Amino acid sequence: MESWFSKGLTKWYKQNKRDLPWRSETDPYKIWLSEIILQQTQVAQGTSYYLKFIAKYPKAGNLASANEDEVLKLWQGLGYYSRARNLHATAKIIKSNYAGVFPSTYEEIRALKGIGDYTASAISSFAYNLPFAVVDGNVYRLLSRLFGIDTPIDSGVGKKEFQALANELLDKKNPAEHNQAIMEFGSQFCKPNNPDCENCIFNSKCLAFKTNRVKELPIKSKKIKISNRFLNYVVIVDKNNNVLLNKRAESDIWKGLYEFYLIESKKEISIDKLFKTPEFNKIATSKFKLLHSSKNYKHILSHQHLYAKFYVIKAASIISNTLTTSKINNLNNFAFSRLTEKFLNDCDLKEIV
Ligand code: SF4
């Protein structure tokens, strides 16, 4: 089984692989960066971030020495910011525990923060040619179709079953190329929708194709529960053009990023009600003027739908004991969520105030 699969796969890969900046990379630090960036990001968007990161932080030690705000600023726009915080924390561990040299065994790599089974296998095989099979979403899809496997890929049993099968199929003499090939084939040929099965090199063996079940596989057991949140952002500016900012600290979305003063409500609320909330009274003096109400923004995250609106307010002074303020001209220095970035791109704050 191993040989027909691996032979066909690597032959296809040699002829069809995309030329990506991390493709022939053997530096584990750069492989790690690319893998973390690509976890929840498409290649087209991730490439420029990868290039920016390796230009600014060419080695783990450079990343470790950066401050967190700087790292988050460079990450701005990619989303899932825990990835950036984990990268930064792990770079510090590599610097302190491994003298800045990326560890070279699967076990040591797997023990690093933010690195799971898949990423540890990818780094150890691509960088060190160690025989650990990768199983990412593309591999789950390909294997479930090719071998007609119904076990849900998000169950504990399914994870073990697919990992065991991937291990069995792995070309142990050439794990780096085999792993890259299986992921490339899954993402570029055995695509989620309408794969070109008629021209697939595996169609004579593929159980899903032979039994007309390509659309059904892979199977997932859990449905993601989505919650709705209503975010009312008060962009409060004083007479000296200082604007109030909050650095998100809780274990919630966007930890470590900055935002305008947020009043979250259980449902959509009117502006009159917003101005009467105790949270609003905490920051605004009695004399203030509404300068601008934004359009409604809907921002979709994997488990949350966010409904947001921004209100630009001019007040004689801002009441704030704990929050940060910034001059409007300096907002570019702060890392914001993609949602706030969209608002800032849509509206010229300097013009409004
Ligand atoms: S025949 Fe279709 S479903 Fe089967 S491996 Fe090829 S592309 Fe995927």
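**Notebook: ligand shell, H9 and the two domains**

I started with the ligand, and the largest share of the shell around it, three residues, comes from H9. Worth jotting down that this is a predicted model.

Next I checked which other helix feeds that shell. Helix H9 (137–146) and helix H12 (207–210) each supply at least two residues. I then looked for the nearest contacts: of the 14 residues around the ligand, Cys190, Pro195, Cys197, Cys200 and Cys206 come nearest. Sorted by class, the shell has twelve nonpolar residues, one polar and one charged.

Since H9 had come up, I looked at its packing. What angle do the axes of H9 and helix H10 make? I get a crossing at roughly 85 degrees, with the axes of H9 and H10 (residues 156–169) coming within 11 Å. An angle of 65 to 115 degrees counts as roughly perpendicular, so H9 is roughly perpendicular to H10.

Then the residues themselves. On the H9 side I noted Val139, Tyr140 and Leu143, which meet Phe162, Leu165 and Ala166 of H10. By class, that contact has six nonpolar residues, no polar and no charged.

Last, I pulled back to the domains. The protein is divided into domain 1 (2–210) and domain 2 (227–352). I have their C-alpha centres 37 Å apart.

How many residues of domain 1 are in contact with domain 2? I count nine, facing eight residues of domain 2. Helix H5 (residues 68–75) gives the largest share of the domain 1 side, four residues. That side of domain 1 has two nonpolar, three polar and four charged residues.

Key:
Residues numbered from 1 in each chain as written. Predicted model: local features only at pLDDT ≥ 70, side-chain atom pairs only at ≥ 80, totals over all residues. Domains from an automatic or database assignment. Contact = placed C-beta atoms within 7 Å. Nonpolar A, V, L, I, M, F, W, Y, C, P; charged D, E, K, R; others polar. Near = placed C-beta within 6 Å. Axes fitted to C-alpha atoms, helices over the stretch in contact; angles between N-to-C directions. Parallel < 35°, antiparallel > 145°, perpendicular 65-115°, else oblique.
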